[in-house]
Structures are given as C-alpha cells and as structure tokens.
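User: Please take one charged pair in this protein and examine it closely. I should like a single connected account that begins with the pair and then places it within its surroundings.

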Amino acid sequence: MSAVVLNIKEVENALRGIPKALARKKVKKALEEASRPIVEGAKSRVPVAERVVKRYKPLSAGKRAARGKGNVVAEYYPGNLKRAIRILRGGKFSKSSAVFIGPKVQKRGQGAGKFSGNRVDAWYFHFIERGTMHMRARPFLRPAFDENKEKVFHLASLKFAALIDEVKGQ
C-alpha cells in the first residue's frame, strides 16, 4: 500500500474555493465511499437469529405479561439487524460532513409491525453489541471498526487527494 500524506490545512485551503454546501457534499460522499469496509465488516460479523423474534406490549402499565400472553407489537425476521446496518443519512445526520455507521432505527411511533425485506428496525442492536445482564455481548460494530480503520483512513486519504486535484483543476 502506498502512503498518501495529506495535511488537513491543505484540504481546507483547497475546499475554500468552492461553495460550502458543495464542499460538505463532496467531503461526505468521499467519506461514505471510504467507510464502506466498516459497513461490510459489521454485516459479516452480526449474529443472525434462527427464528422470528416478537416484541410484546404489556397488558397493563407496569406489569409484564407472561411469555406469549401480551399483545404482539412487532415481529423481527432473521437477518433484520444485518439488513439494518448502513451509513446513516438524513435527519440529524444530514447537516454534518461526518459519517455515521450503524443500524437503522425506526422513528418513535413507527416501530410496530413486521420487519422483513426492506423494512428494518434494529432498536435492540446495543443489547447485542454490549450484552445485558442476561446475555453475553456479541460485538460486531466495534470489531469491524478496529479491523478496518487503517483501510478506511487510507481510502479517505486517496479520495481527499482526488478531491483536491479536482478542485485545483477547476
């Protein structure tokens, strides 16, 4: 692997010549492309359930229903968490040029129904990543980051070098 050394000031100075919104868009696109290995690494490590998992709503406030006795609020099909891992866009992530990687979580009030195919809701990912008092941790996001961070940094450096060349050429 050849090394590309970029000074952050060089990147900032090169991007000053273009409008701020366009610069943020180009930087974000470069970072998203460079961070793909983390997404793929996390997807390859995530545990997949062997059966449909159901989430229940308690029968009354403060009282937990016996197993299978509450109202089924949502059904999570095997592979839901794997399908949910992505580069997060929109909402609070849209104005930043940083890249956020993690599972997609439904907005409040939309987390009911069947989650299969393209419809995903992985609100429970932190239980799997960090564990609970009843189950051991099965990390997938942090190991993917640790294994791929040098590769991502190298890819980002190459993308930024190309971006600087593109801006200088204009």
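Analyst: **The salt bridge and its setting**

Arg 45 and Glu 147 are joined by a salt bridge, in which the closest N and O atoms are 2.5 Å apart. Because Arg 45 belongs to helix H3 and Glu 147 to helix H6, this pair ties together parts that are 102 residues apart in sequence. The model is a predicted one, and every distance in this account is computed from it. A general principle is useful here: side chains of opposite charge can pair when their charged atoms come close.

Let us consider the two partners in turn. Glu 147 lies in helix H6, which covers residues 141–169. Is Glu 147 buried or exposed? Its relative accessibility is 53%, and since a residue counts as exposed when that value is over 50%, Glu 147 is classed as exposed. Arg 45, by contrast, has a relative accessibility of 28% and counts as partly exposed. The contact between the side chains of Glu 147 and Arg 45 also qualifies as a polar contact, at 2.5 Å.

The same region brings Glu 147 towards another distant part of the chain. Pro 37 and Glu 147 are 110 residues apart along the chain, yet their C-alpha atoms are separated by 9.3 Å. Such links across the sequence can also be considered for the protein in general. Among contacts between residues at least 6 apart in sequence, 63% join residues at least 24 apart.

How many salt bridges are there in total? The count comes to five. One of the others also involves helix H3: the side chains of Glu 40 and Arg 36 form a salt bridge with an N to O distance of 3.8 Å. Glu 40 and Arg 36 are four residues apart in helix H3, which means that about one helical turn separates them. Both are partly exposed, Glu 40 with a relative accessible area of 44% and Arg 36 with one of 35%.

A further salt bridge joins Glu 33 to Lys 29, with the closest N and O atoms 2.7 Å apart. These two residues are four apart in helix H2, so they too are separated by about one helical turn. Glu 33 is partly exposed, its relative accessible area being 35%. Glu 33 and Lys 29 do not stand alone, for salt bridges link them with Lys 159 in a network.

From the charged pairs we may turn to the nonpolar residues. In soluble globular proteins, nonpolar side chains tend to be buried together. Here the largest nonpolar core has 24 residues, and Ala 42, Leu 81, Ile 85, Phe 140 and Phe 160 have the most contacts inside it. At least two residues of this core come from each of several elements, among them helix H3 (36–45) and H6. These are the helices that hold Arg 45 and Glu 147. The contribution of H6 is the greatest, at six residues.

Phe 140 offers a direct connection between the core and the charged pair. Leaving aside residues up to four places away in sequence, Phe 140 touches several residues, including Ala 42, Leu 81 and Ile 85, and also Arg 45. Thus Arg 45 is a partner of Glu 147 in the salt bridge and a neighbour in contact with Phe 140.

Aromatic residues supply another kind of pairing, and three aromatic pairs are found in the whole structure. The rings of Tyr 76 and Tyr 124 have centres 5.5 Å apart and planes at 70 degrees, so this pair is edge-to-face. Tyr 76 lies in strand E2, whereas Tyr 124 lies in the loop between strand E5 (113–115) and helix H5 (125–130), 48 residues away. Tyr 76 is buried, at 5% relative accessibility, and Tyr 124 is buried as well, at 15%. Ring pairs gather Tyr 76, Trp 123, Tyr 124 and Phe 127 into a cluster.

Finally, the wider frame may be stated. The protein contains six helices and five strands, arranged along the sequence in the pattern α-α-α-β-β-α-β-β-β-α-α. Of its 170 residues, 33% count as buried. The protein exposes about 11,600 Å², of which carbon and sulfur atoms supply 55%. Within this frame, Arg 45 and Glu 147 form their salt bridge between helices H3 and H6.

Terms used:
Residues are numbered from 1 along each chain as its sequence is written. This is a predicted model: local features need pLDDT of at least 70, side-chain atom pairs count only at pLDDT 80 or more; totals for chains, interfaces and linings use all residues. Side-chain values use heavy atoms; hydrogens and water are left out. Buried means under 20% relative accessible area, exposed over 50%, partly exposed in between (1.4 Å probe, protein chains only). A polar contact is a pair of N or O atoms within 3.5 Å; within protein, one must be able to donate a hydrogen and the other to accept it, and residues adjacent in sequence count only if both atoms are side-chain atoms. A nonpolar core is a set of buried Ala, Val, Leu, Ile, Met, Phe, Trp, Tyr and Cys residues joined through side-chain atoms within 4.5 Å. Contact means heavy atoms within 4.5 Å. Accessible areas come from the Shrake-Rupley method with a 1.4 Å probe; for residues, only the protein chains shown count as cover. A salt bridge is a side-chain nitrogen of Lys or Arg within 4 Å of a carboxyl oxygen of Asp or Glu. Rings of Phe, Tyr and Trp (its six-membered ring) pair if their centres lie within 6.5 Å; planes under 30 degrees apart count as stacked, over 60 as edge-to-face and the rest as tilted.
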